[in-house]
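Colleague: I am new to this structure and would like a close look at a single part of it. Could you take one helix, say what surrounds it, and then work outward to the rest of the chain?

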Amino acid sequence: MAQVEILMPKMGESIMEATILKWLKKEGDRVELDEPIVEIATDKVDTEVPSTEAGVIVKLLYKEGEVVPIGKPFVVIEKEGEAGAAPARKTAEPATVSASTPSVKTETKFSTPVTRHATAGTDGDNRFYSPLVLNIARREGIPMAELETLPGTGAGNRVTKKDILAYIESRKQSSRIERVAETAGVRTQEPPVYKPSALAADAGKNEEIIEMDRMRKLIAEHMVRSKHTSPHVTSFVEADVTSMVKWRQKIKDKFFAREKEKITFTPLFIECVIRALKDFPMVNASVEGDKIIVKRDIHIGMATALPSGNLIVPVIKHADHYNLIGLTKQVNRLAENARNNRLNPADIEGGTFTLSNVGVFGNLMGTPIINQPQLAILATGAIKKKPVVIETPAGDTIGIRHMMFLSLSYDHRVIDGFMGGSFLRRVADYMEAFDAEREF
């Protein structure tokens, strides 16, 4: 019988490692082809990894909570009824397979192994640093003594790629601020640092201290970095979406009967956003240094609340290629997969603009934080009936209309008030011009 080493698959271009969250199988269990065997977490998403072979699990090479480099074996499976395979190769992993047992390496069907450099480094306290982090530190001139002071969000407070890149960015910004302050003859003062240990010591009997989970830490870091990176400006408009509301109410039952999909307002909003982005292509862009990168592809992110209370932003790739039915199916698929923890890493990468529907929580409006490296994010509020002045050729009247606030947060480095306000107004115009007699 041959033994097979299953390799950790590539989960995205920038992902170099994954953390074992939970083993779904134990040693001695039988596993079928494409049956999930482990839950993993990366800096992007949590997901399950399926087996690429059928057989019996001989060895789990990592424990829960340990980090596995991409392209390295993490489990050994014994295939039944096969012999004569090549001997197993030794790997520099926590566990090895006997060379006397026939073995071959296999790899998940959607990936190729990623080659890693030599061994990682540790400091005097045995703190782990991946080769990628060490290479970045050397390139940026960060000495080991400074590296040791960085807080880490990885397993065991390990410093990840995102941690060191965020630190480098804040380091550069601090340097720029200090240079400007010196030129102006102003002395800067470091902000106070609040340490969790100090907070814990001061906690009273009527207080509870809750440790952030891994996803909440990543969200917090992403939000702080966004506010440090982009000077946020938010504009507001109010739109009359009566035609849109009446059309949806009229066709939703027929739509479900024919397409077996529920149609919400989100795909209708996205359709209007796509049209406005084509009118204002500079909004569909990002910034790298002093260069503006205008995106020809329109990839719309849709902020989605998870049952845990955390937030994730799956992305509809090439959203402008879909009609309304296609957008509806994409919105429903991504929302369902997000709520059931079935998103793939590719589902949350590459967004060029984000929509956040805060109205589903009953909120009238919001001031969302930009999803880096994008330049803008749109929030749609709750739809409310209001008495509104209606202008007609025969004179003004007052009627009951369905009204909704829209807010656009945008990066003032690139988008000024005229462009941001004009884009937001254009989105509202497309919503108000929605054809209530439209066929689907």
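Modeller: The buried residues of helix α8 are covered by a set of elements that includes the helices α6 (242-259) and α7 (265-279), together with the strands β15 (300-302), β16 (304-305), β17 (311-312) and β18 (315-316). This is a predicted model, and everything that follows should be read with that in mind. The residues of α8 that are buried begin with a run made up of Leu 324, Ile 325, Gly 326, Leu 327 and Thr 328, and they go on with Gln 330, Val 331, Leu 334, Ala 335, Asn 337 and Ala 338.

The length of α8 can be checked with a short piece of reasoning: the helix has 16 residues (324-339), which at 1.5 Å a residue should span 22 Å, and because its end C-alpha atoms are 23 Å apart, the expectation and the model agree. At the N-terminal end, Asn 323 acts as a cap, with a side-chain oxygen placed 3.2 Å from the backbone nitrogen of Ile 325. Just after the helix, Asn 341 takes a positive phi of about 55 degrees.

Charged residues come next. Lys 329 belongs to a network of salt bridges that links it with Arg 258 and Glu 259. One of the covering helices, α7, contains Asp 279, which forms a salt bridge with Arg 426, the closest N and O atoms being 3.1 Å apart. Since Arg 426 lies in helix α9 (residues 417-432), this pair ties together parts that are 147 residues apart in sequence. Asp 279 is partly exposed, with a relative accessible area of 34%, and Arg 426 also counts as partly exposed, at 31% relative accessibility.

A salt bridge can also lie inside one helix, as Arg 225 and Glu 221 show: both are in α5 (residues 214-229), 4 residues apart, or about one turn of the helix, and their closest N and O atoms are 2.5 Å apart. Within this pair, Arg 225 is partly exposed, with a relative accessible area of 23%, whereas Glu 221 has 16% and is therefore buried, the limit being under 20%. The structure holds 18 salt bridges, and another of them joins the side chains of Glu 140 and Arg 139, at 3.8 Å from N to O.

Strand β12 (residues 232-240) offers a further view, with Phe 236 lying in it. Phe 236 counts as partly exposed at 40% relative accessibility, and with Leu 364 and Met 365 it forms a nonpolar patch on the surface, the three having about 260 Å² of accessible area together. Asp 240 is found in β12 as well, but it counts as buried, at 16% relative accessibility. The side chain of Asp 240 is joined to that of Arg 401 by a polar contact of 2.8 Å, and, leaving aside neighbours within four places in sequence, Asp 240 is in contact with Arg 401, His 402, Met 403, Met 431 and Glu 432.

Stepping back to the whole, the protein chain has 9 helices and 22 strands, and 45% of its 440 residues count as buried. Among contacts between residues at least 6 apart in sequence, 62% join residues at least 24 apart. The accessible surface of the chain comes to about 23,800 Å², of which 53% belongs to carbon and sulfur atoms.

Conventions:
Residues are numbered from 1 along each chain as its sequence is written. This is a predicted model: local features need pLDDT of at least 70, side-chain atom pairs count only at pLDDT 80 or more; totals for chains, interfaces and linings use all residues. Side-chain values use heavy atoms; hydrogens and water are left out. Helices (H or I, at least four residues) and strands (E, at least two) are DSSP runs, numbered from the N terminus. Buried means under 20% relative accessible area, exposed over 50%, partly exposed in between (1.4 Å probe, protein chains only). Contact means heavy atoms within 4.5 Å. Accessible areas come from the Shrake-Rupley method with a 1.4 Å probe; for residues, only the protein chains shown count as cover. The expected span of a helix is 1.5 Å times one less than its number of residues. A polar contact is a pair of N or O atoms within 3.5 Å; within protein, one must be able to donate a hydrogen and the other to accept it, and residues adjacent in sequence count only if both atoms are side-chain atoms. Patches are made of residues with over 30% relative accessible area and no salt bridge: like charges are joined within 9 Å, nonpolar side chains (Val, Leu, Ile, Met, Phe, Trp, Tyr) within 5 Å.
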